[in-house]
Amino acid sequence: MDLFHLLGSGATFNKNRFKGDVQLFEAATDSQIVVAKKKNEVATNSELRDKLLDEIDFFKTTHTVVGTPTKQAKKNDAPTAKAFRKESQIRVYGSDVPNPFRTFEDLASPPYNLNPTIYRNLMQSEYKTPTAIQMQSVPIMLKGRDLIACAPTGSGKTLAYLLPLLQDLKKPEKTGYRALIIAPTRELAQQIDREIQKLSAGTKLKTRVLAKSTYATKAQTPKEKQKFDILISTPMRLVYAIKEKEIDLTNIRHLILDEADKLLDLGFLDQTDEIFAACSAPSVRKSLFSATFSSTVEQLAKTVMRDPLRVVVGTKNAATDTIDQKLLFTGTEAGKMVALRQFIQTGIKPPVLIFVQSIDRAKELFRELVYEGINVEVIHSERTKLQRDNIIDQFRVGKIWVLIATELMARGLDFKGVNLVINYDIPRSVASYIHRIGRTGRAGRQGEAITYYTKDDMDYMRSIVNVMKESGCEVPDWMLKLKKQSRKGMNKLRKAGAEREQIDTMSRYDKKRNAQKKEMIDASKKRKEKQLEEGGQAPRAKKAKKAKNSEAAVTATSTS
Ligand SMILES: Nc1ncnc2c1ncn2[C@@H]1O[C@H](COP(=O)(O)OP(=O)(O)OP(=O)(O)O)[C@@H](O)[C@H]1O
C-alpha cells in the first residue's frame with residue numbers, strides 16, 4: 001500500500017474509470033486526510049522513499065515490482081529481480097536485499113545517481129555489460145550493507161567494489177584515509193590501484209599503495225598524510241605501519257578485503273585482526289570478496305561483520321566455466337619434464353603460466369627451460385621488487401612467453417591474454433587450484449588449464465577431479481571414485497607441499513655445456529662494460545651484432 005501511495009503521489013483518480021480501485025485505495029484509511037498525509041509522507045520522507053524505491057526493480061525501460069511480474073514486464077520479456085537473479089545465477093542470503101541493476105546506463109539515474117565523472121569514465125571504458133557480481137554487489141554496497149561476495153575468478157569483482165566505493169567517497173575531503181583495501185600481494189595491490197586510477201580520473205580522489213618502498217611515509221607531515229582518501233596495502237606492510245604509528249585508520253569507513261578467504265586464513269589472520277581493530281570507527285562498512293570461501297571462513301567473517309548479505313554467483317567454490325580443464329598423467333617427476341619439453345617442441349601459444357609448489361622448484365624448472373629457445377622467466381618472492389614489477393609488465397605485453405611462478409601469482413592477478421595455465425605441480429588445496437587456473441579464461445574469454453600428476457599425487461586428485469566435473473569438464477569415471485584424502489593428509493599437503501624429486505634432467509654434458517655458455521656470456525658482458533667505461537670506440541658492425549646476441553642471452557640467464 002505504501003508503494004502504491006508513493007507511486008500515486010501527485011496523481012488524481014478518475015472515479016468513473018477506476019471505481020472499485022478508488023474505494024480500495026481510499027477506504028483503506030479512515031479518511032481523506034489520513035490518505036493525503038500518507039501520500040505526503042512517502043513522497044517527502046527520503047528514508048521511507050528510498051526503502052520503497054528499493055523494492056522497485058529498475059529496468060532500462062520498465063519498472064516492475066519484485067515478485068509480481070506485471071503483464072507489461074512479461075510482454076517486454078523483462079524478468080523480475082527474482083527471476084533475473086535466477087537467470088544470472090545470483091543467489092543472495094540475508095534480509096532486505098536491494099535489487100540488482102541491469103545495465104551500466106541504469107547507474108546514471110535514481111536510486112544510484114552515479115557521480116557523473118565516474119559514470120563518464122565507466123562509459124568510456126571497454127566494459128559494455130555489467131557482470132552478475134557487479135549487478136548485485138553495487139546496490140548492496142551503495143545501501144551501506146556489509147557484504148560477503150563469492151564469484152568466479154575473472155568475473156570483475158574489482159569493479160564490483162570500486163564503483164560503490166568511489167561513489168560513496170565522492171570527492172576529496174582531506175581528512176585522511178576514508179577507505180582501505182587489503183590484498184594479499186603487492187602486485188595485486190598495484191593492479192587494484194591501476195583500476196582506481198582509470199575509474200576515478202577527474203574526481204581528484206587520491207590513492208596510496210603502501211609498499212615497502214613507499215617513500216618517507218613517516219617523514220610526511222600530518223597535513224600531507226591527510227591528502228589521501230584511499231589506502232591499498234598488503235596486511236604485513238599495513239600492520240608494520242600501524243605499529244610504527246605511520247598510519248591512522250580511525251577515519252576509515254570502508255574496509256574491503258580482496259581475496260578475503262586468504263586474508264582470513266591462518267597465515268594472515270593475526271594481521272587482519274589487527275587491521276580490523278585499528279579501523280576503530282563504529283560505522284565501518286566491511287566487504288569481503290573472493291572466488292572461494294570455505295564455510296569456516298564465512299562463519300569467522302560473520303563474527304566481525306554487521307548483518308552482512310552474502311552473494312554467491314554460480315556454484316560456490318567452482319572454477320570458471322570458460323576454462324577447459326585437463327589432466328595429464330606423467331607417471332613420475334621425470335615424466336613431467338618430458339611432457340613439458342614435448343609440449344614446447346610442438347609449439348606453444350604464449351603467454352603460458354606454469355605453477356610449481358615452491359621457490360626451489362621454480363628455480364630448478366627455470367634452469368631446465370632457459371636454454372629451450374623460448375622467452376622464459378621465473379617469479380617468486382625471492383626476486384627483488386623491481387624484478388617482479390618488470391617481469392609482470394613484460395608478461396602482460398607478451399615479451400615473456402612462459403612464466404614460471406609460485407603461489408605468489410595464483411591470486412587476483414589479471415592477465416587477460418593468458419591462454420594456458422600448466423600446474424606442473426598439483427596445487428596444495430582446492431582453493432589454490434581454482435585461483436591458479438583462474439589466471440586464464442578471464443572476463444568471458446576461453447582458456448585452458450592442464451594439471452600434471454604422477455602416481456604419487458593420486459591421493460590428492462579427488463578434489464581437483466570434483467571441481468573439474470562440477471564445471472562440466474570431462475573426467476574419467478574411475479577418478480571420481482578415487483579415495484578421498486583425509487583432512488590430516490590435505491593439511492599436510494597444504495602446509496608443506498608434496499615431497500618431490502629435484503627437477504634435474506640435464507646430463508652432465510649439458511650442464512657443462514650450459515656452464516660454458518654462461519661463462520662466455522658473462523665474459524662478453526664484462527668486455528662490453530669495460531669498453532663502455534673506457535668511453536670505447538664505436539664497435540664494428542660484426543662486433544656490435546655479437547654483443548647484441550650476448551646481451552639477449554644475458555637477459556635470459558641473469559635471472560637464473
Ligand atoms: N563488466 C565487465 N565487462 C567486461 N570486462 C570486465 C567487466 N568488469 C571487469 N572486467 C574485466 O575483467 C577482468 C577480470 O576482472 P577482475 O580482475 O576484477 O576479476 P576478479 O573477479 O577479481 O578475479 P579474481 O578472482 O581472479 O581476482 C579484468 O580485466 C577487468 O578489466
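**Close-up 1. Helices α9 and α10 run roughly parallel to each other.** In this predicted model, the two helices pack at an angle of about 30 degrees, and since angles under 35 degrees count as roughly parallel, that is the label the pair gets. Helix α9 covers residues 132-142 and helix α10 covers residues 157-169, with 9 Å between their axes. As for handedness, α9 and α10 make a right-handed crossing. On the α9 side, look for Ile133, Gln134, Ser137, Val138, Met141 and Leu142. Their partners on α10 are Lys157, Leu159, Ala160, Tyr161, Leu163, Pro164 and Gln167. Sort the residues of this contact by type and you get 9 nonpolar, 3 polar and 1 charged.

**Close-up 2. Cysteine 150 sits buried and without a disulfide.** There are 0 disulfides anywhere in the structure, and cysteine 150 fits that picture: the nearest cysteine sulfur belongs to cysteine 473 and is 18 Å away. A disulfide needs the two sulfur atoms within 2.5 Å, so at 18 Å the sulfur of cysteine 473 doesn't qualify as a partner for cysteine 150. Cysteine 150 has a relative accessible area of 3%, and the cut-off for buried is under 20%, so this residue counts as buried.

**Close-up 3. Cysteine 279 is another buried cysteine.** Here the relative accessible area comes to 6%. That is under the 20% cut-off, so cysteine 279 is classed as buried too.

**Close-up 4. Threonine 505 lies in a loop between two helices.** The helices on either side are α23 (487-496) and α24 (508-533). Threonine 505 is partly exposed, with a relative accessible area of 37%. Leaving aside residues up to four places away in sequence, threonine 505 touches Met337, Arg341 and Glu368. Glycine 335 is worth finding in this view as well: it is 170 residues from threonine 505 in sequence, yet the C-alpha to C-alpha distance is 10.0 Å.

**Overview. The whole chain, for placing the close-ups, has 25 helices and 16 strands.** Of the 560 residues in the chain, 49% are buried, cysteine 150 and cysteine 279 among them. Now for the contacts with a separation of 6 or more: 74% of these join residues 24 or more positions apart.

Technical notes
Residues are numbered from 1 along each chain as its sequence is written. This is a predicted model: local features need pLDDT of at least 70, side-chain atom pairs count only at pLDDT 80 or more; totals for chains, interfaces and linings use all residues. Side-chain values use heavy atoms; hydrogens and water are left out. Buried means under 20% relative accessible area, exposed over 50%, partly exposed in between (1.4 Å probe, protein chains only). Axes are lines fitted to C-alpha atoms, for helices over the stretch in contact, and angles run from 0 to 180 degrees between N-to-C directions. Helices (H or I, at least four residues) and strands (E, at least two) are DSSP runs, numbered from the N terminus. Angles under 35 degrees count as roughly parallel, over 145 as roughly antiparallel, 65 to 115 as roughly perpendicular and the rest as oblique. A crossing is left-handed if the near helix is turned anticlockwise from the far one by less than a right angle, and right-handed if clockwise. Contact means heavy atoms within 4.5 Å. Ala, Val, Leu, Ile, Met, Phe, Trp, Tyr, Cys and Pro count as nonpolar, Asp, Glu, Lys and Arg as charged, and the others, Gly among them, as polar.
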